[in-house]
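Here are a few friendly exercises for practising how to read a protein model. Try each task yourself before you look at the solution.

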Amino acid sequence: MTATAARPAAVPLGPPPSMVVKKFVSRVLFYVVIALLLVFFMLPMLWIVLAPFDASPSLTIKLPDFSTGNFSELWHNPYALRSLLNALIISLGTMALVLVFGALASYALSRVRVPGRDALLYALLLLSSIVSGTAAMVPIFLLMTNVHLIDSQLGVVLVMTGGLLPAAIFILKDFMDATPRSYEESAKVFGASPLQILRHVVIPIARPGLATIAVWALVNAWGNFLVPFILLRSADKYPAAVVMYTFYTEGGQPKLGLISAFSLMYSIPVVIAYLVVSRRYGFRFHGGIKS
Amino acid sequence: MPRTAVATDAAGLGRARAGGFVAPALVLVGLFLVFPALWTIYLGLTDYRLTGLAAAAPKMVGLQNFRDALADRFFLNSLWLTLIYVAGSAIIGQTVLGFALAWMMQKVRPSVRGVVETVVLLAWLLPGSVVSFLWWAMLNRRDGTLNALLDTPGYNWLIQHPMLSIIVFNTWRGTAFSMMLFSAALQAVPPSQLESARMAGANGAQQFRDVVFPHIRGHVLTNTLLISLWTFNDFSPYLLTAGGPNHKSEILPAFIYNRAIGTGELGYGAAISLIMLVINLIIALLYLTLLRTRKVKT
Amino acid sequence: MRRYARSTAILAAGTALALTLAGCGSDSGSGGGTSAGADTSAAAATSHTAAADGTTSSGDTSEAAPGTSTAGGSESSAGTSAPSGGTVTLTISTNGISGGKNAQEADWITNWVIPEFTKAEAAKGVTVQVSYQSSGVDDEKYKAKLALDLKAGSGPDVFSIDGIWVGEFAQAGYIKPLEDVVGADYQSWDGLKQINEAVQGNATFDGKLYGLPTGTDGRVLYYNKKLFQQAGLPADWHPASWDDIFAAADKLKSIDGVTPLQMNAGTAMGEATTMQGILPLLAGTGAQIYTDGKWLGNTQQLRDVLSFYDKAYNTDQVGDPDLQLDAKGRDESFAEFAAGKIGILAESDYFWRSVVNPKDGVAPMKDRNDTVGYTLIPAQKAGAGIRGQDFVSMSGGAVYTLNPNSKNAKASWDLMTFMLSPEAIEARLGDQAQITSRDDVNKTVLANDPMLTFVATKVLPLTAYRPGLAEYPEVSMLLQQATADVVSGTSVDDAAASYQEALEKLVGADKVTSG
């Protein structure tokens, strides 16, 4: 009663307090919205943090009945740990190729006028959507058979690189376009070769973009199932994405213990890669230095 | 100055050397992307199958696959669902939520910003198979977390609301890209212009329309193009619903998968891929037209 | 300056890494090249050898095996001409992986078949090197990968496929009759007599045997005796007609929270809908899906089957339509049965031995032997089934078969028959009971399991197999779609009509019955 009585009494004091209240309320609402969004994004991920440590994991998120049994099961699985190493080899290989070739190509395309450049970029971007689909499975398989790259991790890396390069060049060219030309001009005056200019002038400026593309390529290669599944034959070369699908019983029931522990182990490397890159180089999909 | 976006060969690269820089990428892309893609388009003109007589001796059938597609109730259903999916999860979901997050993160402490951005990015970083399993677990009918939270035991979200489920799923998964792109773009809006708009008495919406939007318009378009294309070709909802129930969430990549792997109709699947490519092309052309009008205006 | 140095270092490291990888990976590629020029099957043989290194040695030596890889290549080409001289390299592939799906079969091949076979051949003076290619993924993905390999003229020497793929693989030329691959003396293998004609039918196409079945199964109706008791139904239940099934289901409806009848429907369950639902029902109307060169179209029998679904899911509402739409509906149905929430369930003996098995089932029931009842699937009414039977069932099973492009067809055949020797089968099963393809083995392994004995003695004589034709998988999809349509509210007539239309488009109007 007193509280409700007090509030009308406060109003006559003038607009500033009501403004303060309004501002306070909107600030609270603002943080409530942020909190809700945070819950929305975190909720599905809680399972992967809790279930691996549960003695008998179920699908529900609950405080674990603590046990490391799932990890020891994972440790004894003949393919689980090796598949993480394989995924690392394949993803780092893909990342390196995408980064090196993407940087060279995007820089050149950004600086030199080539007739039909934009059309070419768009055409490649569109074609990459076909190749990532299931329908291209047969051509890719037959092509790789003919060049003897079946059951080879190099083959997987090359196919993935081919698929990722157009989008990488597309995004990187934006960064290259945004780097100022004046530095390059002065470097040229001092007699630097174009490759030196790229290495010492352009790349440092476009570094956040390169770092971002590196993570992007890594994440894409890390999660790709279809390409390694079709191209590899030996189980000891399978990356994690393929092995993850074998943790089911004959009847298609997920082995929750293995899946939860493996999901955690499978997720950690990309998260670390992101954290390292974002801390050291920044993580931006666009916007180098505006001139 | 808008002229900076135009190519100027400041480093003295020259055509020949530029060609050398582009060549390795072009060779890789040509061999491992363009060649299989063209081959796929060719397969779309045949009745090729994974097994059976048509696997031994595929025949050219011309445009028959395309005629079949246009008369196929499941294809038309799938096309419609894909448009809803792209509009719902990419254009509305990811763009709006991504912008809202980027906007809000300008106004919070760096520590809060760091946490929020990392969590949103995690959704994007985690491998697809893991993420789809997490969502499947959350939406599960029997002991999913969502039912426990909302006290709706036994409610089958993936059956009752398959499209809504995959749209929310993809919004969750892909918002990070839009958020990052927009927060970079927003940093490029000159604070002085915002300040003068505020002085002139413009409210939030007016500030956005008159000051912010003109600056980020290009980013909005680039973002929309990329995420539309990615969403259009996104296979991950298949891991959640397998296109079901009864084709109710069978977006085109799932449709192709069910035909190419499920029943082995590789020729038909390849033809649908080409149809998808054409639709992607239309999206890209639309984007280019919008981008061009922007350039003419500025 | 330091910033520049750092970023250059990233690029340099990246390039170095790429080059290193390129070096590593090309081992297997160049191995294939040196052994036999551009011959693809030789390249495949080399990579098989590499696989052998990985599976036999548990260490991390597989990456560093260029020496063995080239050696394997040259020897495999020598093996073509004189299998008794050099080393014969063979590869087995099944859809299993140690520690994952079908782990039992995978472990058996690596730990028993390969060492034992190598030993047995060595005793005959032949040096063999056998490797195992594991997969352990969805069957359709395994099938796609196998088909691609065979299409390219490579692939494993001995591999496992589902019996219903025999027709489509044969038509595609991926597999050939045993008499072509092995020669006529395949008939002299003494195990053949132990595999009865009906079971051999599962590996037969156009009257020719393409491989050897490894086992078979049969479908029955399972029911929960406790729920039956609660509903006032007999613990020893023997329905004699569809009406009897619905009568029991209607009574079970009185128990709260229980789904009386689970008859698989819809496309999400895939082949389980066809095998556990449509085809046994169809057999109960006296019809088979393919007879005398024609596929069953929109006929009275088909409409009767669809009406069964309509009654179960719409009129009587004794089934749970949601379960039929769920991508994991079949697993859910297992879990619900195990939890005592499903009254009657049509399933194969797999359900008994691998799902509700108290020892290692996926949805174990501690009181399985007391609670789970099983009975024959009745025809629509007595005598209405195929061949005038009162009861019906359907069977399927896996088949081992040979690669027609194998360089060592004879050795592959020896390996395959070795895998189907009584000792090998017993080693595979361990202490588990399962219906195998061999009568002599069944006598001993099934003795302690009344349910499996019931299937072997009572169900298999009544059973039918699916047609081993290339069109079958797609016809099966159309059937599933028809049930999905009915369950989601389409009328039986409309669903049957669109089935007919799609079927005619698929196989040609002249090959479809109707009326």
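The exercises below go through chains, domains and a sheet.

This is a predicted model, in which local features need pLDDT of at least 70 and side-chain atom pairs count only at pLDDT 80 or more, while totals for chains, interfaces and linings use all residues. Residues are numbered from 1 along each chain as its sequence is written, and chains are lettered from A and ligands numbered from 1 in the order in which they are written.

**Exercise 1.** Describe how the two domains of chain A are placed.

*Solution.* Start with the bounds, which come from an automatic or database domain assignment: domain 1 of chain A covers 2–67 and domain 2 covers 73–281. Next, take the distance: their C-alpha centres lie 38 Å apart. Then look for contacts (C-beta atoms, placed from the backbone, within 7 Å): five residues of domain 1 of chain A touch seven residues of domain 2 of chain A.

**Exercise 2.** Work out what chain A brings to its contact with chain B.

*Solution.* Begin with the counts: 79 residues of chain A are in contact with 77 residues of chain B. Now ask which element gives the most on the chain A side: helix α2 (residues 15–50) of chain A, with 10 residues. Helices here are DSSP runs of H or I with at least four residues, strands are runs of E with at least two, and both are numbered from the N terminus.

**Exercise 3.** Summarise the make-up of chain B.

*Solution.* First count the elements: chain B has 14 helices and zero strands. Then find the extent: along the principal axes, the C-alpha atoms of chain B fill a box of roughly 75 × 65 × 30 Å. Finally, check burial (20 or more other C-beta atoms within 10 Å of a residue's own, with C-beta atoms placed from the backbone): of the 298 residues in chain B, 50% are buried.

**Exercise 4.** Find the strand order in the four-stranded open sheet of chain C, and explain what is special about its edges.

*Solution.* Two strands pair if DSSP finds at least two bridges between them. Following the pairs gives the order β8-β11-β7-β12 in chain C, with mixed pairing. At the edges, β8 (259–262) and β12 (372–375) of chain C each have a single partner strand, so one side of each has no neighbour in the sheet. Now zoom in on one pair: strand β7 (residues 219–224) of chain C runs antiparallel to β12(C), and four bridges join them. Within this part of the sheet, Y222(C) stands opposite Y374(C) in β12(C).

Note on methods:
Contact = placed C-beta atoms within 7 Å. Buried ≥ 20, exposed ≤ 12 C-beta atoms within 10 Å, placed from the backbone.
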